[in-house]
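Q: I have a model to read and would like to learn how to go through it. Where do we start?

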Amino acid sequence: MSDTDKQLRVSKIENGTVIDHVHGGQALNVLAILGIDGSGGEQVAIGMNVPSDTLATKDIVKVEGRELSQDEVDVLSLIAPDATINIVRDYEVVEKHRVDRPGTVTGVLSCPNRNCITNADEPVETRFDVLRDGVRCEFCGQIIREDIASHIDDD
Ligand code: CTP
Ligand code: ZN
């Protein structure tokens, strides 16, 4: 077998987004952040723990028919700091950008502190400061370090 025959192939997409160089094991969290669970009918291809030039192994997520918003990319940066976002149109990569860690994320995560004002029946939008190794609620100071994706407010 030639080297190319040995590689796991994830087919090219026609129009949409390829999220590349995701740290191994984070692909399902990427889907969670994008709110993709299969029920929306999107065509999605995932490669997990595939060999990479720059990371030991990487995950890759390809979403057909969807270009990500800046908000979505901001949250992705929390779990996939080295990701490359490739926008594909008519089979060609027309835009490629690295994710950028935002200073704050607003209205995306929910605070795990039950006594936090954001969990009371008040019209307060959640806001977290992005730390080097996690995020901190601006209202109560609660820090989330592990498993940020499980705190995504998906309603
Ligand atoms: N890709 C895809 N469908 C396309 C075009 C590209 O799925 N129609 C995928 C490629 O398989 C690759 C990623 O999008 O995983 C980026 O494509 P490209 O920029 O062509 O590859 P590289 O130059 O290797 O990217 P990088 O330099 O960012 O590693
Ligand atoms: Zn809080």
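A: Start with a pair of residues. Arg-89 faces Glu-92 of strand 5. Keep in mind that this is a predicted model.

Q: What do strand 4 and strand 5 form together, and over how many bridges?

A: Count the bridges, then note the direction. Strand 4 and strand 5 pair over 6 bridges, in the antiparallel sense.

Q: In what order do the strands of the 5-stranded sheet lie?

A: Read a sheet across, not along the chain. The order here is 2-3-1-4-5, in an open sheet with antiparallel pairing. Next, look for the edges. Strand 2 (44-51) and strand 5 pair on one side only, which makes them the edge strands. Then take the twist: from one strand to the next it averages 15°.

Q: Which strands does helix 2 lie across?

A: For a helix on a sheet, name the strands, then the angle. Helix 2, residues 27-34, lies across strand 1, strand 2 and strand 3. Its angle to strand 3 is about 30°.

Q: Now the ligand. Which residues surround ligand 1?

A: List the shell before judging its character. Around ligand 1 are Lys-12, Ile-13, Val-18, Asp-20, Ile-60 and Lys-62, together with Thr-84, Asn-86, Val-88, Tyr-91, Val-93 and Lys-96.

Q: How do the residues of that shell divide into nonpolar, polar and charged?

A: Sort the list by class. The shell around ligand 1 has 6 nonpolar residues, 2 polar and 4 charged.

Q: Which strands each supply at least two residues of the shell around ligand 1?

A: Map the list back onto the elements. Strand 1 (16-23), strand 3 (57-64), strand 4 (84-89) and strand 5 (92-98) each supply at least two. Strand 4 gives the most, with 3 residues.

Q: How should I read a database annotation, and which residues does "binding site" cover?

A: Check the entry's status, then place the residues in space. An unreviewed UniProt entry annotates Cys-111, Cys-116, Cys-137 and Cys-140 as "binding site". These cysteines span 30 residues in sequence, but no two of their C-alpha atoms are more than 8.9 Å apart, so they gather at one spot. As for its place in the fold, Cys-111 sits in the loop between strand 6 (104-106) and strand 7 (127-131).

Q: Which residues does the domain annotation cover?

A: Take the range first, then its make-up. The unreviewed UniProt entry gives residues 105-147 as "domain: Aspartate carbamoyltransferase regulatory subunit C-terminal". That span is 30% strand and 0% helix, and its end C-alpha atoms lie 16 Å apart.

Q: What is the order of the 4-stranded sheet?

A: Apply the earlier routine again. The order is 6-7-8-9, in an open sheet with antiparallel pairing. Strand 6 and strand 9 (143-144) are its edge strands, each pairing on one side only. Strand 8, residues 134-137, pairs with strand 9 over 2 bridges in the antiparallel sense. Val-135 has Ile-144 of strand 9 as its bridge partner.

Q: How many helices and strands does the whole protein chain have?

A: Zoom out last. The chain has 3 helices and 9 strands. From the N terminus they run α-β-α-β-β-α-β-β-β-β-β-β. Its C-alpha atoms fill a box of roughly 60 × 30 × 25 Å along the principal axes.

Q: What is the mean pLDDT of the protein chain?

A: Check confidence before using fine detail. The mean pLDDT is 89, and 94% of the residues reach 70 or more. For the complex, the predictor gives an ipTM of 0.95 and a pTM of 0.82. Where pLDDT is low, do not read the predicted coordinates in detail.

Definitions and conventions: Residues are numbered from 1 along each chain as its sequence is written. Chains are lettered from A and ligands numbered from 1 in the order in which they are written. This is a predicted model: local features need pLDDT of at least 70, side-chain atom pairs count only at pLDDT 80 or more; totals for chains, interfaces and linings use all residues. A residue is near a molecule or strand if its C-beta atom, placed from the backbone, lies within 6 Å of it. Ala, Val, Leu, Ile, Met, Phe, Trp, Tyr, Cys and Pro count as nonpolar, Asp, Glu, Lys and Arg as charged, and the others, Gly among them, as polar. pLDDT is the predictor's confidence in each residue, from 0 to 100. Two strands pair if DSSP finds at least two bridges between them. Axes are lines fitted to C-alpha atoms, for helices over the stretch in contact, and angles run from 0 to 180 degrees between N-to-C directions. Two residues are in contact if their C-beta atoms, placed from the backbone, lie within 7 Å. UniProt positions are given in the numbering used here, feature names are shortened, and annotations may be inferred rather than shown by experiment.
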